[in-house]
Amino acid sequence: MKIANVLYVKVGVVTSTKLENSKRTELISGIKKYPVSKAYLTKTGFKEDFQADLLHHGGVNKALFLFSSLTYEKINAFYNNNFDMENMAFFGENLILSQVCEKDICIGDVLKIGQTKIQITQPRQPCWKLSANTNQKNMTKFIFDSGLTGWYAKVLQEGNISVDDEVILEKRTYPNLNIEKLNQLIINPMLDEKLTLEALNCAQLGKAFMESLSKRYKLKDKDEQFSFYHE
């Protein structure tokens, strides 16, 4: 079933940006990605794309970061701003899709895009770099609280992805575990304890998100894991 089209493909190199009015003095990151007509997707990401922090970004389970034009619109509406999706990636996205957003994508979904096949692994976990790259001090907290995160995927089949490619949903195994719900559970796992336990037992959920959710579930209000990366 076709669910979307690729509006933008973006890749980038690691850059350094001096920061003012921040507790950090420099942003060293591959977050500033730029549009191309097509790019070749390998098991660890687009061939032409690079990350600085390989502990938290990239790798097999975070090979591709997908975002939605609808999510861009919601963020722009909140900030009364125009984060222009046509040019530099404000949120580090590799792909911007039409028509679908966080409530439409589930963990384990297998998508065919162009020559590739990918499988959804987890929501993006926002860190301070989103605030730095958008020059909006509270952007990271807003993304976390609102759940407008985008989502990661691993690569099942390598190949080219081009602008205007169709996005085909080939398989859905975990219909309860959409990105929107997971973003609500990472804030409050007790919002739906049954669903939290389903997520924690889901073999396709990315390790990084699973570990964060597990810690959140065990420690509840005592959990402080996000305080460093959000500030």
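## A walk from a loop to a helix pair

At 48% relative accessibility, Val13 counts as partly exposed, because that class sits between the buried limit of under 20% and the exposed limit of over 50%. Keep in mind as you look around that this is a predicted model. Val13 belongs to the loop that joins β1 (2–11) to β2 (15–18). If you set aside residues up to four places away in sequence, the contacts of Val13 are Ser29, Gly30 and Phe50. Ala39 makes a handy landmark here: 26 residues separate Val13 from Ala39 in sequence, and their C-alpha atoms are 14 Å apart in space.

Let's move on to Ser68, which you will find in strand β7 (residues 64–68). Is Ser68 buried or exposed? Its relative accessible area is 0%, so Ser68 is buried. A polar atom of the Ser68 side chain lies 2.5 Å from the backbone oxygen of Val100. Val100 also appears in the list of residues touching Ser68 once neighbours within four places in sequence are left aside; the others in that list are Ile96, Leu97, Cys101 and Trp151.

Next comes a pair of helices. Two packed helices are described by the angle between their axes and by the distance between those axes. For helix α1 (residues 69–79) and helix α3 (residues 139–146), the angle is about 125° and the axes are 12 Å apart. An angle of that kind falls outside the parallel, antiparallel and perpendicular ranges, and α1 and α3 are therefore oblique to each other. The crossing of α1 past α3 is right-handed. Which residues make the contact? On the α1 side they are Ile75, Phe78 and Tyr79, and on the α3 side Met139, Phe142 and Ile143. Sorted by class, this contact of α1 with α3 comprises six nonpolar residues, with no polar and no charged ones.

Our last stop is Leu213, in helix α6 (residues 207–219). Leu213 counts as buried because its relative accessibility is 0%, and the limit for that class is under 20%. Beyond the residues up to four places away in sequence, Leu213 touches Leu185, Ile186, Pro189, Thr196, Ala199 and Leu200. To link this stop with an earlier one, trace the path back to Ser68: Leu213 and Ser68 are 145 residues apart along the chain, and 24 Å separates their C-alpha atoms.

Terms used:
Residues numbered from 1 in each chain as written. Predicted model: local features only at pLDDT ≥ 70, side-chain atom pairs only at ≥ 80, totals over all residues. Heavy atoms only, no water. Helix = DSSP H or I, 4+ residues; strand = E, 2+ residues; numbered from the N terminus. Buried < 20%, exposed > 50% of the residue type's maximum accessible area, 1.4 Å probe, protein only. Contact = heavy atoms within 4.5 Å. Polar contact = N/O pair within 3.5 Å; in protein donor to acceptor, adjacent residues only side chain to side chain. Axes fitted to C-alpha atoms, helices over the stretch in contact; angles between N-to-C directions. Parallel < 35°, antiparallel > 145°, perpendicular 65-115°, else oblique. Left-handed = near helix turned anticlockwise from the far one by under 90°. Nonpolar A, V, L, I, M, F, W, Y, C, P; charged D, E, K, R; others polar.
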